[in-house]
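Have the model open in your viewer and a selection box ready. The stops below run in order, each with something to pick and something to look for.

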Amino acid sequence: MNAMIDLRSDTVTMPSEAMRNAMRDAEVGDDVYGEDPTMNRLEQRAAAIVGKEAALFVPTGTMGNTIGIKLNTRHGQEVICEERAHVFDWELSMMAWFAGCLARPVRAADGVLRWSAIRDAIRPDGPHCAGTGCISLENTHNMAGGAVSPLDVVEEICHEAHQRGLRVHMDGARVFNAACALGVEVSEVVKDVDTVMFCLSKGLGAPVGSMLAGTADAIHQGRLYRKRLGGGMRQAGVLAAAGLIALEQMPARLGQDHANARVLAHALEAIPGVAIDASTVQTNIVIFDISGTGMTPAEFSRRLKERGVRMNGVGATRMRAVTHCDVSRRDCEQAIEAIREVCAGVASARA
Ligand SMILES: Cc1ncc(COP(=O)(O)O)c(C=O)c1O
């Protein structure tokens with residue numbers, strides 16, 4: 001049987017041959033002593049590429065966000081984020097657990113948090129409420145179908161926030177996808193935020209790792225928080241070696257994933273029982289509604305799996321397909337065929 005076509009997430013990619021070779025050959029040292037040359041190179045390159053003073057390697061995006069929120073807040077403050085943000089829904093209430101902060105979620109139907117919505121959610125310090133400390137932006141927005149925040153929207157938020165003494169963190173797990181969709185350098189996308197976390201292990205294809213970038217002072221402090229979280233790694237250059245390849249070579253190919261996602265979305269528009277507006281698909285995430293098929297996401301997933309395609313449900317009626325470097329255009333065409341079969345099978349069984 002052919003290998004499964006895995007559209008569950010862009011986290012499922014396997015390290016390339018070049019990454020495996022680089023990992024094997026990596027020059028390493030004890031990174032807690034700052035002596036791992038490959039790790040030092042990765043952190044310097046990451047900082048340069050995103051245009052910040054310094055960067056820190058963290059094992060996961062969740063740890064990067066956890067440290068980012070902590071750096072930008074004081075215990076007892078609020079953090080404004082979009083209602084479906086990863087930091088709010090999927091990180092085990094890390095804001096409360098590590099930073100001692102409360103999330104103040106704000107709904108943005110298209111996943112793009114705008115200043116007008118944020119302004120109303122800001123709470124002043126005082127005897128009646130906990131003041132806002134920081135705004136966390138997710139770009140691209142995972143659960144909003146990979147939505148990209150326009151540059152001027154981020155710029156306005158940062159400008160207004162900074163004027164009020166508020167900080168801005170960007171959960172940029174897929175910020176290279178955002179840069180690709182906007183047709184700009186990633187440094188342009190993150191230029192005004194105080195800290196940015198981005199994942200090497202998603203669209204960029206590394207096996208493990210994320211980066212947190214910001215000022216030298218913030219990253220110095222962040223390194224101490226990472227140690228406290230148990231993230232002081234030793235000969236981590238083996239991971240950094242793959243991370244360097246992810247950083248240098250992979251952003252240039254993200255457009256292919258976006259084109260594949262659009263192909264999927266356009267084909268889905270024509271399948272009875274499936275609802276999607278393909279024009280909203282900007283990057284590598286395609287979320288579509290299957291209420292019209294009468295199937296639950298679990299049933300839909302199971303039937304797709306029988307046909308060699310893996311895909312997860314999100315919520316009660318929707319599926320999410322994520323394109324990445326291990327799915328080709330041909331794989332996407334096969335996935336479309338499988339979805340057509342699954343939908344046709346149910347339509348005829350229920351006729
Ligand atoms: C938007 C976003 N932020 C953060 C993360 C967390 O990354 P990790 O799984 O490496 O902790 C994810 C993971 O899916 C994500 O989609």
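**Start with a covered strand**

Select strand β2, residues 54-58. Four of its five residues are buried, so the rest of the structure largely encloses β2. Keep in mind that this is a predicted model.

Now add strand β8, residues 210-214. β2 and β8 run antiparallel and are joined by five bridges. For one pairing, pick valine 58 in β2: its bridge partner in β8 is serine 210.

**Methionine 211 and the core**

Move to methionine 211. Which residues does methionine 211 touch, once neighbours within four places in sequence are left aside? The contacts are Ala46, Ala55, Leu56, Phe57, Gly64, Phe198 and Leu200.

Widen the view to the largest nonpolar core, which holds 82 residues. Met211 is among those with the most contacts inside this core, along with Ile135, Val168, Val175, Val196 and Ala242. Which helix gives the most to it? Select helix α11, residues 237-249, which supplies nine residues. In soluble globular proteins, nonpolar side chains tend to be buried together.

A second core stands separate from that one and has 28 residues. Pick Ala265, Ile290, Met295 and Ala335 to find part of this second core.

Before leaving α11, click glutamate 248, which sits in this helix. Glutamate 248 has 13 other C-beta atoms within 10 Å and is therefore partly exposed. Draw a distance to leucine 113: the two C-alpha atoms are separated by 30 Å, with these positions 135 residues apart along the chain.

**The ligand shell**

Show the ligand next. Around the ligand, select Thr60, Gly61, Thr62, Asn65, His86 and Glu138 as part of the surrounding set. Then add Asn142, Asp171, Ala173, Cys199, Ser201 and Ser210, which also surround the ligand. Colour the shell by class: two residues are nonpolar, eight are polar and two are charged. Ser210 appears here and also as the bridge partner of valine 58.

Helix α3, residues 61-71, gives the most to this shell, with three residues. Is α3 mostly covered or mostly open? α3 is mostly covered, with eleven of its eleven residues buried. Lys70 is one of these buried residues, as are Met63, Ile67 and Leu71.

**Alanine 85**

Go to the loop between β3 (78-82) and α4 (86-89) and pick alanine 85. Alanine 85 counts as buried because it has 27 C-beta neighbours inside 10 Å. Beyond neighbours within four places in sequence, its contacts are Ser136, Glu138 and Asp171. Glu138 and Asp171 also belong to the ligand's surroundings. For a longer view, draw a distance to valine 148: the C-alpha atoms of alanine 85 and valine 148 are separated by 13 Å, and the two residues are 63 apart along the chain.

**Unusual backbone**

Most residues other than glycine have a negative phi, and most peptide bonds are trans. Three spots here merit a look.

- Leucine 92, in the loop between α4 and α5 (94-99), has a positive phi near 50°. Leucine 92 has 10 other C-beta atoms within 10 Å, so it is exposed.
- Serine 93, in the loop between α4 and α5, has a positive phi of about 50°. Serine 93 counts as partly exposed because it has 13 C-beta neighbours inside 10 Å.
- The peptide bond from asparagine 139 to threonine 140 is cis, with omega near 5°. Threonine 140 lies in the loop between β5 (132-138) and α7 (151-163).

**Two domains**

Zoom out and colour by domain. The domain assignment gives domain 1 as 17-250 and domain 2 as 253-350. How far apart do the C-alpha centres of domain 1 and domain 2 lie? The separation of these centres is 29 Å. At the contact, 15 residues of domain 1 meet 16 residues of domain 2. The domain 1 side divides into seven nonpolar, seven polar and one charged residue.

**Last stop: β9 and β12**

Finish within domain 2, at 253-350. Select strand β9, residues 285-289: four of its five residues are buried. Add strand β12, residues 318-322, which runs antiparallel to β9 and is joined to it by five bridges. Click isoleucine 285 to close the tour: its bridge partner in β12 is valine 322.

Methods. Residues are numbered from 1 along each chain as its sequence is written. This is a predicted model: local features need pLDDT of at least 70, side-chain atom pairs count only at pLDDT 80 or more; totals for chains, interfaces and linings use all residues. A nonpolar core is a set of buried Ala, Val, Leu, Ile, Met, Phe, Trp, Tyr and Cys residues joined through C-beta atoms within 7 Å. A residue is buried if 20 or more other C-beta atoms lie within 10 Å of its own, exposed if 12 or fewer, and partly exposed in between; C-beta atoms are placed from the backbone. Helices (H or I, at least four residues) and strands (E, at least two) are DSSP runs, numbered from the N terminus. Two residues are in contact if their C-beta atoms, placed from the backbone, lie within 7 Å. A residue is near a molecule or strand if its C-beta atom, placed from the backbone, lies within 6 Å of it. Ala, Val, Leu, Ile, Met, Phe, Trp, Tyr, Cys and Pro count as nonpolar, Asp, Glu, Lys and Arg as charged, and the others, Gly among them, as polar. Two strands pair if DSSP finds at least two bridges between them. Domain bounds come from an automatic or database domain assignment.
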